[in-house]
Amino acid sequence: MTQASNGRAQGSRRFKKTLIALAIGGVSGFLGATLALRFLDADSMPDVGASVEIAVLVAMLYVLTGVAVGVGVLSPKMGAKFLNVEDAEELQEQRSMLAYSTFGMIGAGAALGTVALGGEAGVVDPVWALVIFAVLTVLAVWLSLKSLKIQDELMRAVGRETGALSFYLTVGIGGTWALLAHLGFTAAPQPLDWLTMFWSLMLVACFIIIGKRGMMALR
């Protein structure tokens, strides 16, 4: 009887957590995308085109993900309500690693967003865009290496598999696009499109790997 009650309680808790996570993700994603597109469509902005819009949205996704993890770092009790962890204690135990991940994700997103808004027709001076991108990229790589040192074997394996899969996805998708463009079947990808593919396919690969390992189910 006790086991059945505990099972129902666990099921109810996971259902509520799923609803909260979906609500927060949906609302924040919608608001972020709306604000980003309104910013790009403002009268003071040049006509940026689809490549810039997609790049900015991908950058926003990185930033939002970093902010969500950052909430868990600053307030484990609050983060445990929507992040995929067992409880607040798990967040406290992983606080250092998650802090590195937070700033790494935000830095990577800001780097892509800055480059997307740079260029000759952009709102960020090309030299400043390059400098900011270089600084943020170096910062993100350094934080990733710091995080790697304190990760357990599972997280390191996930990282290796994600990197390998993202490479194959980029070669498969980007290579096919370039091939079709070379043969005249479609327009060639812009330089910014390649950068966006690097960023976005890394996220896709990450979701695929953690899904294969059964890590997507909320705990």
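This report describes the packing of two helices, the aromatic pairs and one loop residue in a predicted model.

Helix 7, which spans residues 153-182, packs against helix 8, residues 191-212, at an angle of about 135 degrees and with the two axes 8 Å apart. Because angles from 115 to 145 degrees fall outside the perpendicular and antiparallel ranges, helix 7 and helix 8 are oblique to each other, and their crossing is right-handed. On the helix 7 side the contact includes Val158, Leu165, Leu169, Ile173 and Trp177, which belong to a set of residues that meets, among others, Trp194, Met197, Phe198, Leu201 and Ile209 in helix 8. The residues of this contact divide into 17 nonpolar, five polar and two charged.

A search of the whole structure finds three aromatic pairs, and two of them are set out here.

| Pair | Centre to centre | Angle between planes | Geometry |
|---|---|---|---|
| Phe133 and Trp199 | 6.1 Å | 45 degrees | tilted |
| Trp194 and Phe198 | 6.4 Å | 40 degrees | tilted |

The pair of Phe133, in helix 6, and Trp199, in helix 8, links distant parts of the chain, 66 residues apart. Phe133 counts as buried at 19% relative accessibility, and Trp199 is likewise buried, with a relative accessible area of 14%. Trp194 and Phe198, by contrast, are four residues apart in helix 8 and so are separated by about one helical turn; Trp194 is partly exposed at 26%, as is Phe198 at 41%.

Gln151 lies in the loop between helix 6 and helix 7, and with 18% relative accessibility it counts as buried. Leaving aside residues up to four places away in sequence, Gln151 touches Met97 and Arg156.

Methods:
Residues numbered from 1 in each chain as written. Predicted model: local features only at pLDDT ≥ 70, side-chain atom pairs only at ≥ 80, totals over all residues. Heavy atoms only, no water. Axes fitted to C-alpha atoms, helices over the stretch in contact; angles between N-to-C directions. Helix = DSSP H or I, 4+ residues; strand = E, 2+ residues; numbered from the N terminus. Parallel < 35°, antiparallel > 145°, perpendicular 65-115°, else oblique. Left-handed = near helix turned anticlockwise from the far one by under 90°. Contact = heavy atoms within 4.5 Å. Nonpolar A, V, L, I, M, F, W, Y, C, P; charged D, E, K, R; others polar. Buried < 20%, exposed > 50% of the residue type's maximum accessible area, 1.4 Å probe, protein only. Phe/Tyr/Trp six-rings, centres within 6.5 Å; stacked < 30°, edge-to-face > 60°.
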